[in-house]
Amino acid sequence: MIQLNDLFNQPVKVINVGIPSFADDLKKQGVPVIHVEWRPPAGGNKKIAALLERIEHSQEVFHTSKG
Amino acid sequence: MTIRHQIRQNTYFDSVTLMLVTNQVKKIEGVELAVVGMGTDYNIDSLKRLGLYKHEFDAITPADLVLCVQTADEASGDAALIAAEKLLTAKKNIKGGTSREAIPVSQEASAKMLAGANFTLISVPGAHAAREATISLNAGRHVMLFSDNVTIEEELALKEKAVAKELLVMGPDCGTAIINGVPLAFANVVRRGEIGLVAASGTGLQEVTSIIHRLGFGVSQAIGVGGRDLSEKIGGRMTLLGAQALANDPQTKALVLISKPPAEKTLEHLYRELKQIYKPIVIYFIGADPDEIRKAGFTPALNLEDAAIKACELAGKKPISPLMTDDQIADKVSGLQLPGKWLRGLYSGGTLCDEAQRLLFDSIPEITSNTPVKGAAKLDDIFKSEKNAIIDLGDDEFTRGKAHPMIDPSLRQERIVAEMADQETGLILLDIVLGYGSHMDMAGEMASAIVSGEKRARRRPAIFATICGTEDDPQVFSLQAKKLEEIGVFVFPSNVSMIKAVKAVFSQ
């Protein structure tokens, strides 16, 4: 048995990032869902967004290396 | 003629909402041109191309919303902008509801509001999709990645991370999945049962799961993996993880695998791993030699309906008949006379369009397409059919800057009217894809285009339609079928049965 099989025994609970109608469809079926009011990172400024991504990536590497 | 515009800084709407609002604004009386979109390079280009660009647009960013209309006079311009505002506000209200509950702006914030969230459904623009998927995987949540335009390098990194954590990354460009009976994005309502599927094809998965349901069987899980999963670079990582989970799943009695033929190296590895699974496996590698699959020890399927039938036979341990027998199909179209010599297939589902070409190739000459299979000819102009044209209207060339034809019927409606007016059109084929995500009344929209096309052209080619879906879908299979049958459309329960009918008519 792998960890993925645990999913098959749990209720599906969804975070929806993007097209709102996907969240509406799930709500109609009684599936627990929360819609994220997503916006492009750094207000769409590509330079700042790239910098943010580098910071996030280095934080991730730091946490992974700390185990 | 006048051009009116409005810029709303830092106001984000998703692309589907914006396309639908643009289409509604274009229908307002007096509106000649309309662009309602984020300030992306593509939309700026569109404004320039349409002659709507103003120097006020110089400073806008992709985070700003632009509304711009060209109208006959100023009053209708102002009215159109007010109408566009109202439509957008209405969409926001549906999304946010009327409650005062805070709406989260990040996955991290939303996870705090939904304890135990185990899935993230991502449909943001491709450039931002991998970032959101990484956040989800890091938090231990499975990912369904609907977004396209994710690079193959990003896909590989995401899938490596996911496999290490035994989490799903369904996608990128994955439109369909059913997990624990829940249809995600574009998927049909099918009963739960003993057949587990892994597929690199969205409409292929919709067709097979719907047919399984209509044959009286059910689906344990339907896992989408994205069209590139079995490429050499990705190496079938998600296909194998999904198959392994289905092998371990006590509910699943038989597996189905659907994909384009895998890369050679990936295929060897895939077969080696699949042989470790002691459950029957049906494989449909679209366009591949079934004998090779049989030799490798698996059950080959000849087409999508056959994949469903073989899976039901293996799960139910008894022979299963197709949804329509060959005799029933021949009876249905017996004596039908076509008023022109050419066939025109107007598909919204890519895999269904592909399947139609493959099944017709040996019996009908001169097939053309915007997405030709081997041996068919590429159309010079995708907006003008030639000979026996079988067209995928959901292909990127048609959908750039527009909603997909499963959501927005307008492109196909225009094409139906044009094909009906062509004196040489004898038969038109349509696919109606039901389920969540899809338009709520595609059959009704197609029927109205057929009626107005006939009035305008004063001629009526024969029209066949296949409906992909179930009685339990929000649109209800039988109600959609009735709308088409009432105006004389021949309705078929699968793409394969429709194509068999085409063969029968052309051989008469």
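I'll start with one pair: N16(A) stands opposite L121(B), which lies in strand 4 of chain B. Strands here are DSSP runs of E with at least two residues, helices are runs of H or I with at least four, and both are numbered from the N terminus. Helix 2 of chain A, residues 20–28, packs on the sheet there, touching strand 1 and strand 2 of chain A as well as strand 4 of chain B. Contact means heavy atoms within 4.5 Å. The direction of helix 2 makes about 165° with that of strand 2 of chain A. For such angles, axes are lines fitted to C-alpha atoms, for helices over the stretch in contact, and the angles run from 0 to 180 degrees between N-to-C directions.

Before going on, a note on the model. It is predicted, so to speak of local features we need pLDDT of at least 70, and side-chain atom pairs count only at pLDDT 80 or more, while totals for chains, interfaces and linings use all residues. Residues are numbered from 1 along each chain as its sequence is written, chains are lettered from A and ligands numbered from 1 in the order in which they are written, and side-chain values use heavy atoms, with hydrogens and water left out.

Back to the sheet. Strand 1 of chain A, residues 14–17, and strand 4 of chain B, residues 119–122, pair in the parallel sense over 4 bridges. Two strands pair if DSSP finds at least two bridges between them. Another bridge partner in strand 4 of chain B is F119(B), which goes with V14(A). The whole sheet is open, has 5 strands with parallel pairing, and runs 2(A)-1(A)-4(B)-5(B)-6(B). Strand 2 of chain A (33–36) and strand 6 of chain B (169–170) are at the edges with a single partner strand each, so one side of each has no neighbour in the sheet.

Now the interface. How many residues of chain B are in contact with chain A? There are 61, and they meet 41 residues of chain A. The area buried between the two chains is about 4600 Å², with 63% of it from carbon and sulfur atoms. That is the accessible area (1.4 Å probe) that two parts lose on being put together, summed over both. On the side of chain B that touches chain A there are 31 nonpolar, 19 polar and 11 charged residues. The rule finds 0 salt bridges across this interface; a salt bridge is a side-chain nitrogen of Lys or Arg within 4 Å of a carboxyl oxygen of Asp or Glu.

Over all chains, the count comes to 25 salt bridges. One of them joins E85(B) and R8(B), with the closest N and O atoms 2.8 Å apart. E85(B) is in helix 3 of chain B (residues 74–96) and R8(B) in strand 1 of chain B (residues 2–8), so the pair ties together parts 77 residues apart in sequence.

Chain B also has an open sheet of 7 strands with parallel pairing, in the order 16-15-17-14-18-19-20. Strand 16 (377–378) and strand 20 (490–492) stand at its edges with a single partner strand each, so each has one side without a neighbour in the sheet. Strand 19 (residues 462–468) runs parallel to strand 20 and is joined to it by 3 bridges. A465(B) stands opposite V491(B) in strand 20.

Last, two backbone details. The peptide bond from G171(B) to P172(B) is cis, with omega near 5°. N10(B) is not a glycine, yet has a positive phi of about 50°.

Notes. Nonpolar A, V, L, I, M, F, W, Y, C, P; charged D, E, K, R; others polar.
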